[in-house]
Amino acid sequence: MLETELDRLAKQLGSHRADVRRLLDLAARSADGARLVKSIFRGRLRRAGMGPDDPGAFPLVQELPPGRLRIGRAINGSAEGPVFALPEGSKANICHTAVVGETRYGKTHLLLHLACQYMNAGGLCWIFDPEAEYDVLVEAVSGPLKPLVLAPRHLRINFFQPPTDAIPWKTWLEDICLLFRQETYLRDGSLNLFDMEMRSIIEHKGLVGGRPQFPSLAAALEHFRNLKFGGRKVRSGAWLESLLNRMGMLCNVFEETSRVTHSEMLPRLARRSVIFHLRGLRGLPLQFLVHYLVTWLARYREVLPSCSPS
Amino acid sequence: MLPFLIILEEYHLFSADAARTDIGRPTLCTQVATAGKRGLRFIFSNQLLNFPEEILGNLGCRIVMRLSNPKCLWVAQRSMGLTPEQAARLPELGFREALVQYGDHPTPFKVRVDELSFPPPPAEATLEEAAQAFLASVRWAEEAAVHEPPEDLPITGDALKLFMRLAEHSDETTSERCDALGMDRAQEVRARKVLDAKGFAAALEQTLGKQTKFYHLTDKGVAWARQRNIKVKEYKSGPLHEYLLNQVEKAIGTVSPKFSFQRNSPIAREHGLEPDSVLHLPGGQRVIIEVCCSNPDYDAMNITREMGVDGVDLVIAVAANRRLMRILKAAVDRYCNEDSAAAAPKPLVLLDAGECLNKDFDWHGIFERPL
């Protein structure tokens with residue numbers, strides 16, 4: 001009984017601490033020692049403003065890993081604890097972070113706080129902002145590090161163009177197929193049709209200056225609309241219907257970018273902080289665009305990892 | 001060098017259905033697992049800690065702010081390894097307070113986020129100007145001309161008229177719609193059948209009272225409307241909710257011309273609550289009006305919390321039908337019993353829409369009693 005309570009009190013004080021471990025050793029030697037240690041632990045917790053009999057209390061924090069992005073301070077009972085900064089991780093283990101909570105309890109405030117410090121420290125950041133809440137960063141970040149605010153209507157990109165010339169277009173086409181599969185729920189038959197026809201279109205277009213030419217989304221859609229099947233291939237017709245539906249949806253939603261065949265926009269955006277205003281976009285087009293941009297950036301940085309702010 | 005930061009606000013909006021095994025794993029899951037090698041760092045924000053395993057497994061830091069929904073609490077407790085007593089503290093976290101857990105130091109601890117003030121955001125015109133200046137500096141090529149085959153119009157005549165009406169006014173009953181369109185019921189039914197066959201319109205699952213149905217555009221219908229630049233009205237909580245709230249306000253408004261209603265009221269905002277409407281009485285009393293159409297458990301939780309808010313004298317909850325009212329009443333009773341330690345609750349009036357929207361309903365009786 002006493003042992004369990006000592007264990008609980010030690011956890012609240014921080015059982016990894018050397019002084020707490022020493023006292024636990026002392027407690028293990030005799031019953032009197034255990035009682036003494038128990039009262040020491042309880043006294044320490046009380047001094048820190050924590051109820052020693054409160055089973056729901058969170059442990060005291062003595063020190064936290066350092067970091068450049070300060071978020072706030074730890075709370076030890078009723079007193080303030082050490083500074084809490086976002087853990088930096090290492091090159092081998094980059095820490096991703098999740099911020100969870102109900103609306104209006106400070107999630108966006110915290111993220112604005114982080115993003116502002118990050119950009120001012122010279123870090124690059126892409127923010128996918130469905131509620132248009134991050135515009136304040138334009139004023140809060142200084143000089144050339146200022147983020148650019150773009151809406152989908154500003155995009156001038158070709159989804160089929162690989163991030164760099166170093167990535168073979170066939171490899172990139174596989175990524176696009178995966179995006180169509182996972183973000184627009186296209187089935188295998190439609191994807192095979194898409195893959196096969198896109199290869200044929202790009203090969204047919206040939207090379208200009210040693211570079212393959214990519215069809216725009218609208219041109220690809222037109223190609224698929226004109227595709228004819230023999231009377232017996234009934235299933236192919238159904239696959240084509242689904243494909244036309246998804247490509248038509250993307251063409252309608254991203255109308256301004258649907259005729260672009262070649263663009264330098266994304267490599268430029270990869271060298272600066274951007275806030276993507278996604279208000280008004282929802283469902284599959286939103287899902288597709290966000291995943292497309294993340295995949296594009298990941299592939300781009302695979303080839304050119306050290307993009308610095310332009 | 002700092003890694004490239006990607007912030008995904010409201011993660012659930014972008015997440016593909018991770019439960020669907022037929023489409024493989026969502027792209028983000030695979031990207032997150034290998035992002036470190038490419039110098040990418042993700043920050044996700046969401047209302048629930050229900051990320052797919054690949055994301056949960058690669059989180060180096062979890063920051064949990066206030067949670068009160070029992071399901072959310074359970075997920076957070078299980079995912080962060082909290083004791084039940086610690087999980088019970090999550091609804092008590094205040095504004096800017098959070099519970100933090102590191103990947104390599106699993107003991108969670110409490111933090112208070114610094115308070116910062118940001119300058120006001122720039123005007124939309126300034127942002128647009130910057131975006132256009134950037135566009136002007138980018139090179140891109142466009143397809144010279146793309147031939148578009150003419151598309152057949154799949155609906156015409158009465159069906160098109162009905163479609164347009166539903167796009168802008170799905171918060172009305174069939175007879176109101178018939179009056180507005182100058183159609184009789186048979187014409188309306190025929191037109192609705194055409195929309196139904198095309199998959200453009202459907203009835204809402206919930207009815208008002210026993211049998212009053214509401215119709216709205218399906219996702220396919222909305223997509224078709226947008227393609228043709230037809231304006232589609234969006235309702236925050238659905239057309240039935242909007243209709244019912246309007247009717248309730250109208251009915252209460254007949255009691256006294258001095259009554260005023262306020263939507264998006266700041267009352268209870270600091271408690272994370274958003275009442276459907278707040279009625280201001282001439283004596284300075286405030287009455288919260290809640291309308292329940294589809295999620296009685298969630299509404300009951302909010303109603304119970306609203307009853308405890310200072311400055312609120314009465315809560316009137318109207319359920320769309322009798323069945324919902326019974327469920328709502330049981331849920332409110334349950335939440336009230338759970339929260340018996342809270343401040344003395346304000347009076348609650350629970351009504352069924354079928355009963356209270358009747359012309360003979362005695363609204364005066366509710367407001368005659370001292371609040």
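**Two chains, strand by strand and core by core**

Let me open with one pair of residues: Glu97(B) has its bridge partner in E5(B), and that partner is Arg112(B). Before going on I should say that what you have in front of you is a predicted model, for which the predictor gives the complex an ipTM of 0.87 and a pTM of 0.65. For chain B the average pLDDT is 83, with 92% of the residues scoring at least 70.

Staying with those strands for a moment, E4(B) pairs with strand E5, residues 109–113 of chain B, in the antiparallel sense over four bridges, and the connection from E4(B) to E5(B) is a hairpin through six residues. E4(B), which covers residues 97–102, is also joined by four bridges to strand E3, residues 59–64 of chain B, and that pair runs antiparallel as well. There, Ile63(B) stands opposite Val100(B) in E4(B).

Now to the chains as wholes. Chain A has eleven helices and nine strands, and 42% of its 310 residues are buried. Chain B, by comparison, comes to 14 helices and 13 strands, and 34% of its 371 residues are buried. As for how the chains fold back on themselves, among contacts in chain A with a separation of 6 or more, 64% are between residues 24 or more positions apart, while in chain B 61% of the contacts between residues at least 6 apart join residues at least 24 apart.

Which residues have the most contacts inside the largest nonpolar core? They are Ala115(A), Ile7(B) and Val64(B), in a core of 122 residues. Helix H11 of chain A, residues 283–303, supplies the largest share of this core, ten residues. If we take Ile7(B) and leave aside its neighbours within four places in sequence, we find it in contact with Leu111(A), Ala115(A), Cys125(A), Ile127(A) and Phe128(A), and also with Ile43(B). Apart from the largest core lies another, of 47 residues, including Leu162(B), Leu240(B), Ile288(B) and Val291(B). As general background, nonpolar side chains in soluble globular proteins tend to be buried together.

Let me turn to individual helices, starting with H1 of chain A, residues 2–13. At 1.5 Å a residue its twelve residues should span 16 Å, and the end C-alpha atoms are indeed 16 Å apart, so the expected and the modelled values agree. Within H1(A), the residues Leu9(A), Ala10(A), Gln12(A) and Leu13(A) are buried, and because they cover an arc of only 160 degrees around the axis, they sit on the same side of H1(A). On the other side of H1(A) we find Glu3(A), Thr4(A) and Asp7(A), which are exposed. The cover over the buried residues of H1(A) includes helix H2 (18–29) and helix H3 (31–47) of chain A. Just after H1(A) comes Gly14(A), with a positive phi of about 110 degrees.

The helix called H1 in chain B, residues 27–35, has Thr27(B), Leu28(B), Cys29(B), Gln31(B), Val32(B) and Ala35(B) buried. What do the buried residues of H1(B) pack against? From chain A there are strand E3 (96–100), helix H6 (169–184) and H11, and from chain B there are strand E2 (40–46) and helix H2 (53–57).

Further along chain B, helix H9, residues 219–227, has Gly221(B), Ala223(B) and Trp224(B) as its buried residues; these cover an arc of only 160 degrees around the axis, and therefore lie on the same side of H9(B).

I would like to finish with some loop residues. Gly106(A) lies in the loop between E3 and helix H4 (107–120) of chain A, and it is buried, with 25 other C-beta atoms within 10 Å. Not counting residues up to four places away in sequence, Gly106(A) touches Met65(B), Phe95(B), Arg96(B) and Val113(B).

One of those, Arg96(B), has a positive phi of about 70 degrees although it is not a glycine. Is Arg96(B) buried or exposed? With 20 other C-beta atoms within 10 Å, Arg96(B) is buried, and its place is in the loop between helix H4 (84–87) and E4 of chain B. Tyr185(A), also not a glycine, has a positive phi of about 60 degrees; it sits in the loop between H6 and helix H7 (188–205) of chain A, and with 17 C-beta neighbours inside 10 Å, Tyr185(A) counts as partly exposed.

How values were computed. Residues are numbered from 1 along each chain as its sequence is written. Chains are lettered from A and ligands numbered from 1 in the order in which they are written. This is a predicted model: local features need pLDDT of at least 70, side-chain atom pairs count only at pLDDT 80 or more; totals for chains, interfaces and linings use all residues. pLDDT is the predictor's confidence in each residue, from 0 to 100. A residue is buried if 20 or more other C-beta atoms lie within 10 Å of its own, exposed if 12 or fewer, and partly exposed in between; C-beta atoms are placed from the backbone. Two residues are in contact if their C-beta atoms, placed from the backbone, lie within 7 Å. A nonpolar core is a set of buried Ala, Val, Leu, Ile, Met, Phe, Trp, Tyr and Cys residues joined through C-beta atoms within 7 Å. The expected span of a helix is 1.5 Å times one less than its number of residues. The arc is that of the directions from the helix axis to the C-beta atoms. Two strands pair if DSSP finds at least two bridges between them.
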